[in-house]
Structure formats: C-alpha cells, structure tokens
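Work through the following exercises with the sequence and the structure side by side, and try each task before reading its solution.

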Amino acid sequence: CMYCMENCPVAIEHVPKIVGMRQYKVLMEADFAPELQLTFRNMENNSNPWGIGAHLRGDWAKELGIKTLAEDPNVEYLFYVGCAGSFDDRGKKVSVAFAKILQAAGVSFGILGTEESCCGDSAMRGGNEYLYQAMAQANIEVMNTYGVKKVICTCPHGYNALKKDYPHFGGNYEVYHHTEILAQLISQGKIRMKKAVPGTFTYHDSCFLGRYNNVYDQPRKALSAVPGLRLVEMERKMEKSFCCGAGGARMWMEEHGDRINDARAKQAIDAGAEKVAVGCPFCLTMISDGIKAHNKEESMESLDIAEIVWTAMDLEEPPKEEE
C-alpha cells in the first residue's frame, strides 16, 4: 500500500523490493500462495481473475447504447472498464452509473468490449511478471490500433498500470481516474445534481489513487458538490490513509489473523459515518465486507462516488404504469 515508503525516515524503497522478491519466488521457484494459482489460471484462460467467460466482458453495457471502438473509434475517451467493472456484480453497477453520467454530460467515449484484456496489475503485484507483460502488451496493441489518446478508468489499479507501467511497453496515453473526470464535469457545469443525498459520508482514500498517484482533492470535491451530503473525515486519511487490504493481489488471497478491511471499517464507524464513499472496486468489496463483519449492514453501506453522483442527478425515468 506504500505507507511504509511514504513514512520511512531513511527513504527505503520497500515496495519495489517486495515485488522483486515475489517475482523471483513465482517465476524461478514457483513458490506462491495456493489461492493465486487459480487466480493466475483464470487470468490466463479468460483474462479476468474470476474466470468468467471473456466473451461476456461487454455484456454490462448491452442496454446502454454504448459503442465499442470497433464500431466507432472516433471518440475522445476510451472508457477502460477493467475486470471488476465488467464481471463483478457490484462493480457492474458502478460501470453503469458512470457510463450514464458520461452520456448525460455529453462526453464522447467508447469501450473495447470483448477486445479489452485484464490490466494485469494483480499478476504483476503477485509476482507473475510474465503474465502481466502478456496482458499489458495485448491491451496496448489493441489501444494503439485504434489510436487511443485518452483513457478513463474506474479502478485505481488499472489507472496506475495504464498511467505508469504501460509506457514501458509503448502504451502512452493520458489516463484519468473517474473521480477526476467527475470533479471536472461538475466544475464545468456539465453535471447538475438536483436531488439531495442526505446522510453522513466519509471518503476512503484508495492507496493506488492516493499515495501512488496523489489524487486526494478531486473525489472530495465531487462529494462536496452533492446536495444534502455531509462529509466527515476518518482519522487515517489522505497520505496517512489505511489500506482496505486488497492491493498487491491480496484481493485473491486469504487473510490470516486480524483482517485489514475490518479495521478500516471500524475507523469509518468511529468517524460517525453512515455511508463510506470509495473510488475503487476492490475497496468497495472490502469495506462492504468489513461493515458486515461489524454487523452494521442495516445502518451503513459503501458506495462508489459515481453511484452517489448519479443518484443526485436524478435522471432515471420512473417505470411506466401498465395499461
């Protein structure tokens, strides 16, 4: 999560050393957590950690009228949806909310659909550099074929990979996180929020968005613009935020001992929050599980910022009455 590097008084770079150690263990000794064996196999076979059929990657968007770049490459942004946004039931709701916001704001964008591959972050952080590079190069080849210049990601792990790691393989793009785009559209007046979203919210800083990429203000600006929303801060925030426990391929591995996500959920409870706003699908899952572990699911929930903004825009048509 990079907390150790941020706060080390003698500037030791722990994270690259840990990743390098994992690469040696995986590639040279085939020594890694047994759970990752299934994860790596799923990524190899279906280009997603869940192992869901790769042909279903674009199904979340079927009823939204979103074109793929194969249908229309002349768009300003590629919405790189990622695996969670394409396959995870909770993540798909975020993808739908964000896509609808872009459509309502008149943003020119498209998706890759079945041509999209996993970003490879979990493979890289888990030590399987060979698998990561294969996935990165597959994505870059497709994106460069379509002349992609600007990319939006809803997952900070994909965002970080495309922004900082893909340039090593010839993938040079302007990469934005969806909270940056939301804050920009709100400031430009292209998003109008008319419905109050009452409640006390706290924002959880994702490690890969915050410490890795210094994106702290934009998510808070987007939340602060929502009518009726009261924002409180947890004690551990921004540069000193506490990890949700899913980064570094930990999403796919079992915890032993005290669970990090339970500790983070407790910090949100202690802040007096009724809802936890996040900007990452992994954080969304982990914080939601932490809330359940504290038996607070009746009074507390975790939501992506895109879902909150879309609710405040209140553009859904009411269901038509049957004649």
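**Exercise 1.** Find which residue just after helix 9 takes a positive phi, and then decide whether helix 9 is mostly covered or mostly open.

*Solution.* In this predicted model, the residue to find is Gly189, which follows just after helix 9 and has a positive phi of about 80°. Moving back into the helix, which spans residues 178-187, one finds that 8 of its 10 residues are buried, and helix 9 is therefore mostly covered, given that buried means under 20% relative accessible area. The buried residues of helix 9 are His178, Thr179, Glu180, Ile181, Leu182, Ala183, Leu185 and Ile186.

**Exercise 2.** Locate the largest pocket, and work out which helix gives the largest share of its lining.

*Solution.* Begin with the volume of the largest pocket, which is about 510 Å³. Its lining is made up of 30 residues, and those closest to the centre of the pocket are Cys1, Met2, Cys243, Gly247 and Gly248. Next, look at the helices that each supply at least two residues of this lining, namely helix 1 (3-7), helix 2 and helix 12 (281-293). The largest share, 4 residues, comes from helix 2.

**Exercise 3.** Staying with helix 2, determine what this helix gives to the nonpolar patch on the surface, and classify Met28 as buried, partly exposed or exposed.

*Solution.* The patch is formed by Tyr24, Leu27, Met28 and Tyr130, which together have about 520 Å² of accessible area. Helix 2, covering residues 14-28, gives the most to this patch, with 3 residues. Met28 lies in helix 2, and its relative accessible area is 61%. Because exposed means over 50% relative accessible area, Met28 counts as exposed.

**Exercise 4.** Place Glu274 in the chain, classify its exposure, and state how far its C-alpha atom is from that of Lys292.

*Solution.* Glu274 sits in the loop that runs between helix 11 (260-270) and strand 7 (275-278). Its relative accessible area is 38%, and because this value falls between the cut-offs of 20% and 50%, Glu274 is partly exposed. For the last step, take Lys292, which is 18 residues from Glu274 along the chain: the C-alpha atoms of the two are separated by 13 Å.

**Exercise 5.** Search the whole structure for aromatic pairs, and name the residues that form one aromatic cluster.

*Solution.* The search of the whole structure gives 7 aromatic pairs. One aromatic cluster is formed by Trp60, Phe79, Phe98 and Phe109.

Note on methods: Residues numbered from 1 in each chain as written. Predicted model: local features only at pLDDT ≥ 70, side-chain atom pairs only at ≥ 80, totals over all residues. Heavy atoms only, no water. Phe/Tyr/Trp six-rings, centres within 6.5 Å; stacked < 30°, edge-to-face > 60°. Patch = residues over 30% accessible without salt bridge, like charges linked within 9 Å, V, L, I, M, F, W, Y side chains within 5 Å. Areas by Shrake-Rupley, 256 points an atom, 1.4 Å probe, with all protein chains shown as cover. Salt bridge = Lys/Arg side-chain N within 4 Å of Asp/Glu carboxyl O. Buried < 20%, exposed > 50% of the residue type's maximum accessible area, 1.4 Å probe, protein only. 1 Å grid on protein atoms, 1.4 Å probe; cavity = no way out; pocket = protein on both sides within 12 Å on 5 of 7 lines; lining within 4 Å. Points joined across faces, edges and corners; volume = space filled by probe spheres on them.
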